[in-house]
Amino acid sequence: MKAVSLMRMGDLETDLTERFPNVDFVFTTGVSSINTQDKQNLDILFGYDSNLDAAFLSDCPNLKWLAWYSTGVNNLPLKFIDENNIKLTNGKGVHAKQMSEFIFAYILDDYKKMRTSYLNQIKKYYDSKMSGKRLSGQRLLFLGTGSIAQNTTKIANTMNMEVIGINTNAHSVEGFSKTYAIKDLKEVISEADIIVNTLPETSETIHLLTKNHFELMKNDALFINVGRGTIVKEEVLVEALKEELIRHAYLDVFENEPLTPENPLYELENVTITAHITGNGSENKAEVTQIFIKNLTSILNNNELIENLVDLKSGY
């Protein structure tokens with residue numbers, strides 16, 4: 001069995017080769033450095049390379065399993081993968097740890113007026129009368145109740161926030177006081193003080209949020225997007241912020257990435273931008289590799305994948 005990496009793994013390379021002596025590991029820097037022979041006879045691809053596409057995969061006739069080291073799989077050629085009976089796993093759960101920290105960093109930055117304090121510092125203005133707002137009792141709505149939201153609810157509940165969520169069919173999820181079906185979004189969104197999108201990109205979630213949804217939000221609502229930028233058309237989001245339909249937005253993902261210097265979002269005062277960094281973490285590679293090790297062990301012993309298998313029809 002041959003397993004080819006899509007990135008260098010550092011010390012993990014020695015660990016893998018020693019742990020699995022009967023697997024022929026080839027470690028590369030990505031699709032452009034994988035030679036023809038390896039493409040022809042590899043069984044497993046693992047790691048991450050944004051340049052991976054259907055054309056590359058078509059040169060890998062023996063590929064049986066793609067172990068993707070990211071959570072999002074929306075940019076992969078899922079139709080090709082499905083049609084060629086390739087199994088796909090992802091890094092779900094690993095990135096949720098630091099993403100939950102980022103979500104609360106955004107919330108606390110906003111509620112405790114840290115930006116204002118920083119601007120006062122720059123202006124050498126000392127305002128001891130400024131006061132922030134408590135999180136206790138605030139209603140936090142998650143669009144999506146997966147691992148990112150579930151990790152974040154643990155923090156929210158310790159702060160006595162009310163946590164509600166939207167998912168496909170209103171199935172209950174631990175940590176949420178109540179969940180609603182996605183069809184009920186318009187009725188629920190007006191009740192939230194903070195709305196956090198964590199939904200993956202699927203045919204059902206692209207442009208799910210319309211201007212009407214922002215009109216239904218509270219005027220002082222906080223909107224956070226760490227899911228996918230395609231949840232709302234960029235022009236709709238810009239318009240909602242310009243018209244101050246909501247108080248502020250923290251955005252880490254965008255409909256079109258990377259943002260160009262002339263993007264209108266940069267001109268708005270009521271938005272805080274980070275450059276799709278909430279999933280980044282120095283621990284990610286090692287932690288996703290542990291998932292890879294569990295699955296590879298299971299493949300060798302039982303010929304089945306046991307963790308983070310992606311449903312290619314739903315896209316997550």
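A pocket here is an open set of grid points with protein on both sides within 12 Å along at least five of seven lines. The model is predicted.

**Exercise 1.** Describe the second largest pocket: its volume, its lining and the elements that supply the lining.

*Solution.*
1. Start with volume. The second largest pocket has about 390 Å³.
2. Count the lining. There are 16 residues. Asp110, Lys113, Thr116, Arg247 and His248 lie nearest the centre of the pocket.
3. Sort the lining by class. Nine residues are charged, four are polar and three are nonpolar.
4. Trace the sources. At least two lining residues come from each of helix H5 (95–111), helix H6 (114–122) and strand E11 (248–251).

**Exercise 2.** Work out the strand order of the seven-stranded sheet, and explain why strands E8 and E12 each have one side without a neighbour.

*Solution.*
1. Write down the order. It reads E8-E7-E6-E9-E10-E11-E12, in an open sheet with parallel pairing.
2. Find the edges. Strand E8 (178–181) and strand E12 (271–273) stand there. Each has a single partner strand, so one side of each lacks a neighbour in the sheet.
3. Add the twist. From one strand to the next, the twist averages 15 degrees.

**Exercise 3.** Examine the pairing of E6 with E7, then place helix H7 against the sheet.

*Solution.*
1. Take the pair. Strand E6 (residues 139–143) and strand E7 (residues 162–167) run parallel and are joined by five bridges.
2. Pick one position. Arg139 stands opposite Glu162 in E7.
3. Add the helix. H7 (residues 147–158) packs on the sheet and touches both E6 and E7.
4. Check direction. The direction of H7 makes about 175 degrees with that of E6.

Definitions and conventions:
Residues numbered from 1 in each chain as written. Predicted model: local features only at pLDDT ≥ 70, side-chain atom pairs only at ≥ 80, totals over all residues. Heavy atoms only, no water. 1 Å grid on protein atoms, 1.4 Å probe; cavity = no way out; pocket = protein on both sides within 12 Å on 5 of 7 lines; lining within 4 Å. Points joined across faces, edges and corners; volume = space filled by probe spheres on them. Helix = DSSP H or I, 4+ residues; strand = E, 2+ residues; numbered from the N terminus. Nonpolar A, V, L, I, M, F, W, Y, C, P; charged D, E, K, R; others polar. Pairing = 2+ DSSP bridges. Axes fitted to C-alpha atoms, helices over the stretch in contact; angles between N-to-C directions. Contact = heavy atoms within 4.5 Å.
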